Amino acid sequence: MSKIFTFGFWNSVARLILRNRIVIILLILATTAFFASQWKNMRFSFTEANLLPDDHEVNQEYNAFLDKFGEEGNLIVMGVKDSTLFTEKNYQAWKSLNDSLQSFPEVDYAISIGNLNKLKKFEDPKRFEMVPFITEANPDSLLLATYEDELFTKLPFYENLVYSAHSNTIQSALYLNKEIVNSKARKDFVIENLDPMIKDFESKTGIDVRVSGMPYIRTLNSQNIIDEIGLFIGAALAVTSLIFFFFFRSIRATVISMVTVCIGVMWAFGTIGLMHYEITVLTALIPPLIIVIGIPNCIFLINKYQQEIQKHGNQAKSLQRVIAKVGNATLMTNITTASGFATFILTESKLLKEFGIVASINIVAIFILSLLIIPVIYSYMKIPKSKHLKHLNRQWIGSFVGWMEKMVRNHRIAVYFSAVGLLAISIIGIYNIKISGSLLEDMPQQADFFKDVKFFEEEFDGIMPLEILVDTKRPRGVLKSSSLKRLERLEDLIAEEPELSQPLSITRLVKYSKQAYYNGNPKYYQLPSSQEQNFILPYTKNMEGNDDLVNTYVDSTGQFARITTFMKDIGTDKMEKIEDNLWPKIHKIFPEDRYEVSMTGKALVFQKGTTYLVHNLVLSLSLAIVLIALLMAWMFRSFRMILISLVPNLLPLLITAGMMGFLGVPIKPSTILVFSIAFGISVDDTIHFLAKYRQELKANDWKIKRSVYAALRETGVSMFYTSIVLFFGFSVFMISSFGGTVALGGLVSATLLFAMLSNLLLLPSLLLSLERSIANKETLKEPAMRIIATPEDEEEISKDDENHKNQKIEN
C-alpha cells in the first residue's frame, strides 16, 4: 500500500489545513491576485484555428503560397441587390461610402462602381490605359442606366468580381492591408468604422447591404466568442447554484461553493494569460467547464461534512474527517477527469494542446481550492442546523436507490438486453457518421453575417478562397502562350464545379487586353492567338495601371501563377470528391515533369486539419482509456476488474456515437472533444463504486451480492447528485449560438447521463453475474491505495481524534 496516500497522511493534511487557516486564506488571495494580474496577457484569436502541425505538408504548401503572394484572406465584399442603386441619390451615397472606406489606412485599395476602370487602347503612342468607367462626377439616372447596361453586357472582366453572373447584384471589393489582416487593427476597423458606415448608408438610402469575406466573418465570429464567455459563465453559475440549492436547501453552502468555483474561474483565466495563449472557441469553454466540474467536488465535501455533523455533532472532528475520508477519493476522480483532457496534449494540434494543458491544470487546481476553501470557511461558521441536514434523509432519493437495487436484483436480463439492443442500434448509427471540415458550419447560423454568407454563395458561388498555385519551373513561364492556355483550361474545369466560383487569374487581364485591342468588343474577350500577341505586345509594353493586377496573380519572377476561386460552405466529403475529380485532369493539363501544381487556402487547410484530427481521435481516446485503465490497475490491482469497469464506460461512448449518426451530427473539431471528456468524467463514478464495493467485500467475508447492494445503496445518491449537476452543467453550452458548442454540450450531457445509468445498473449487474470468477481474494487483491476509509482507518482516525479532542477550532 502506498505510504503517500494512506489515511494517516490525509489525517495529517487535515490537521495542517485546519491549523493554518489564516495562512491558507492569505495564500489563496495572493495566488488569485497574481492570476488576476495575468489577465492583461490574454488575447483573442484573430485568425482561424490551424488544426495541423506546423511541419505538415498541407501547412508547408500554404506557407509557400503566402511567401509568394502574401495573405490571401484579405478581401471584404459588400453586396447590393437593389435596382435603385443606379439612381442619382443612391449612386452618390454608394460612391461616397466606398471612397470613404478606401481612405482608411487599413484598406490597400477598393474596387467599386464609383472608381471602376476599364482598359482602353490608345494609338499615339501605342498603349493600353486603365481609364475611369464612369467619367462624370454627377451622372444623372439616364446615364447611370447606360453604364449599368454596359457593365453587365460589355465588361466580362468584372464578372463575379463587381457584378454577379446570376443576377444584377453589385458588389464592392475592399482589399485590406495584408499586415493588419490577422491583428487587432482589423477588428477595430470592422467594428468601429466599417459596420457603422454601412448602417448609416442603409438608413439614408433604405438599401440593404450584405457584407462578407473572411476578414469580416472572422471578426464578427471572434466577437461572438467574446460575448459568449460571460454568458456561459453566468449561465453555468446560475444552473449549478440552483441545482446545488435544490439538493442542499442551504444558502450558505451554495454561496461557499459558488465562491470556490469563481476563484477557480479566475485562476483559469490567469493560466491562459500566464501562458500567453489565445482565447479560441475551445479555450473559451474552460472557465464554465471549471464551474461544472468543480461543483461535484463541493457536493462530495459538503455532503460528507453534513453527514459527520448529523452523526456526532462535533465540528472540529467533522471537518478533519471530511478531508481525511473524502480527500483521496476526490483527488483520484479529479485526476481521471484531468487525464481525459490531458490526452489532447499528446496531439500535434496546437489548438488542442493548449486546450488540454489549461483544462487539465485547472481541474487539479479546482480540487485543491475545494479541499482548502470549504473546510476553512466552515470552520469559521456555526454548526449546520437540522433544517440544513434534512436532504440527507429525502424519501425520493431513497426511492430512486430502491428502484436501482430492484432492477439489479430482479431484472438483470432486461438490463443486459437493453444494453445489447442499444449497442446494436448504436453500431448502425456509427456507420452513418460523416466528417465535416466546414469552416463556417459551427458559426452562429442565426447571425446576420452568416445569412450574408449564404447570400454571396447564391449570387457569387462562394466566399471562402481556394487557391491553386502553378509553378511553370522557368522565369516568365506564366506569360507563355502555352501556359496561359493551360491555365484557361484549368479555369474552365473549376467553373464546371457547382460548389466553386468563376476563377480569377492572369488570363482575365490577358483576355481583357485582346478585347481592348478590338475597341472593347466583348466577343473578343478571349486569349489572343500567337499572331494577335504580336499585334497586342506593343500596347502592353506601355500599359499603365496594371501592376497591382499582374502582381496579384503572378509573382515577381513570372514563374508562379495563382488561380483564385471561391468555394461554398461544403464539408470534407464533398471537397474530397471535387479534389478526386480535379487532380487527374490537372495532371493531364499540366504534365508533372514540366509543371508543379498545388491546391491550398485557409478553407482547405481547415478541412485537411479536420481530417487529421479525426485520424487522431482514435489515438487520443485510446490513450485516455489506456491511461485510466493503468490508473485503475494500480489502484485495484485486478485485470478482471479493469475489463468489467471499462464496459459500462465504453458503452455510453458508443451510444453517443450512434446518436451522432442518426441525428446527423458530424465528426468535426468541436464534437471530437466529446469522447475523451465524457470518458474522463464518467469513469469517476466507476472508481467510487468499485472502491466501496472492494471495501464491502472485505467487510462481508467476500459475499458478492451483499457487497454489491451495499455499495449501490452507499454510492448511488452521490453518483446521482454529481451526474445531475454535470448533466445540467454541460447542457448550459447548448445556449450557444455556435453549432459546435451546442453539439458538444448536448452530446457530453447525454453521454454522462447514459454513463450514470450504466454505472448504477450495468456495472453491479456484471459483478453479480460474474460472481464465481471474481469472488475471491486473488481477483481483488489489496489495492495499491485506499480510495475510501476502511473500518481499520475509522479506528485510526478515531484514536487520532481522541488525541486531539481538546483542540478546538475557534469560530
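A salt bridge is a side-chain nitrogen of Lys or Arg within 4 Å of a carboxyl oxygen of Asp or Glu. Arginine 127 and glutamate 129 fit that description, since their closest N and O atoms are 2.6 Å apart. Keep in mind as you explore that this is a predicted model. The protein chain has 811 residues, and buried residues make up 59% of them. Its secondary structure comes to 26 helices and 11 strands. Among contacts with a separation of 6 or more, 81% are between residues 24 or more positions apart.

**Salt bridges**

- Searching the whole structure turns up 14 salt bridges. The one between arginine 127 and glutamate 129 involves a buried arginine, as arginine 127 has 15% relative accessibility.
- Another salt bridge joins glutamate 459 and lysine 81, with 3.0 Å between the closest N and O atoms. This pair links distant parts of the chain: glutamate 459 belongs to helix 14 (residues 448-460), while lysine 81 is in the loop between strand 2 (75-80) and helix 4 (88-102), 378 residues apart.
- Glutamate 459 counts as buried, because its relative accessibility of 3% falls under the 20% cut-off.
- Aspartate 99 and lysine 95 also meet through their side chains, in a salt bridge of 2.9 Å from N to O. Both residues lie in helix 4, four residues apart, which is about one turn of the helix.
- Aspartate 99 is partly exposed at 32% relative accessibility, and lysine 95 is partly exposed with a relative accessible area of 22%.
- You can also look for a network: Asp208, Arg210 and Asp452 are joined into one by salt bridges that share partners.

**A buried charge without a salt bridge**

- Find aspartate 555 in the loop between helix 18 (547-553) and strand 10 (560-567). Aspartate 555 is buried but has no salt bridge, and the nearest side chain of opposite charge, lysine 68, is 6.7 Å away. That pair does not qualify because a salt bridge needs the nitrogen and oxygen to be within 4 Å.
- What joins the side chains of aspartate 555 and threonine 557? A polar contact of 2.7 Å does.
- A polar atom of the aspartate 555 side chain also lies 2.9 Å from the backbone nitrogen of phenylalanine 560.
- If you set aside neighbours within four places in sequence, aspartate 555 is in contact with Phe69 and Phe560.

**Aromatic rings**

- The structure holds 21 aromatic pairs. One of them, phenylalanine 157 with tyrosine 512, is stacked, at 4.8 Å centre to centre and with 15 degrees between the planes.
- Phenylalanine 157 sits in the loop between helix 5 (141-154) and strand 6 (170-176), and tyrosine 512 sits in helix 16 (residues 506-517), so this pair ties together parts that are 355 residues apart in sequence.
- Both partners are buried: phenylalanine 157 has a relative accessible area of 6%, and tyrosine 512 has one of 2%.
- The pair of phenylalanine 730 and phenylalanine 733 is tilted, because the ring planes are at 55 degrees; the ring centres are 6.0 Å apart. Phenylalanine 730 and phenylalanine 733 are both buried.
- Phe34, Phe35 and Trp267 come together in one aromatic cluster.

**Charges over rings**

- Which ring does the charged end of lysine 121 sit over? The ring is that of tyrosine 517, and its centre is 4.7 Å away.
- Arginine 409 lies over the face of tyrosine 709, at 3.9 Å from the ring centre.

**Backbone features to look for**

- Most residues other than glycine have a negative phi, and most peptide bonds are trans.
- Aspartate 124 and proline 125 are joined by a cis peptide bond, with omega about -5 degrees. Proline 125 is in the loop between strand 4 (117-122) and strand 5 (127-132).
- Aspartate 461 has a positive phi, near 70 degrees. Its place is in the loop between helix 14 and strand 9 (464-471), and aspartate 461 counts as buried at 14% relative accessibility.
- Asparagine 519 also has a positive phi, near 60 degrees. You will find asparagine 519 in the loop between helix 16 and helix 17 (530-541).
- Is asparagine 519 buried or exposed? Asparagine 519 counts as exposed, with 67% relative accessibility.

Terms used: Residues are numbered from 1 along each chain as its sequence is written. This is a predicted model: local features need pLDDT of at least 70, side-chain atom pairs count only at pLDDT 80 or more; totals for chains, interfaces and linings use all residues. Side-chain values use heavy atoms; hydrogens and water are left out. Helices (H or I, at least four residues) and strands (E, at least two) are DSSP runs, numbered from the N terminus. Buried means under 20% relative accessible area, exposed over 50%, partly exposed in between (1.4 Å probe, protein chains only). Lys and Arg count as positive and Asp and Glu as negative; His and the chain ends are not counted. A polar contact is a pair of N or O atoms within 3.5 Å; within protein, one must be able to donate a hydrogen and the other to accept it, and residues adjacent in sequence count only if both atoms are side-chain atoms. Contact means heavy atoms within 4.5 Å. Rings of Phe, Tyr and Trp (its six-membered ring) pair if their centres lie within 6.5 Å; planes under 30 degrees apart count as stacked, over 60 as edge-to-face and the rest as tilted. A charge sits over a ring if NZ of Lys or CZ of Arg is within 6 Å of the ring centre and within 35 degrees of the ring normal.
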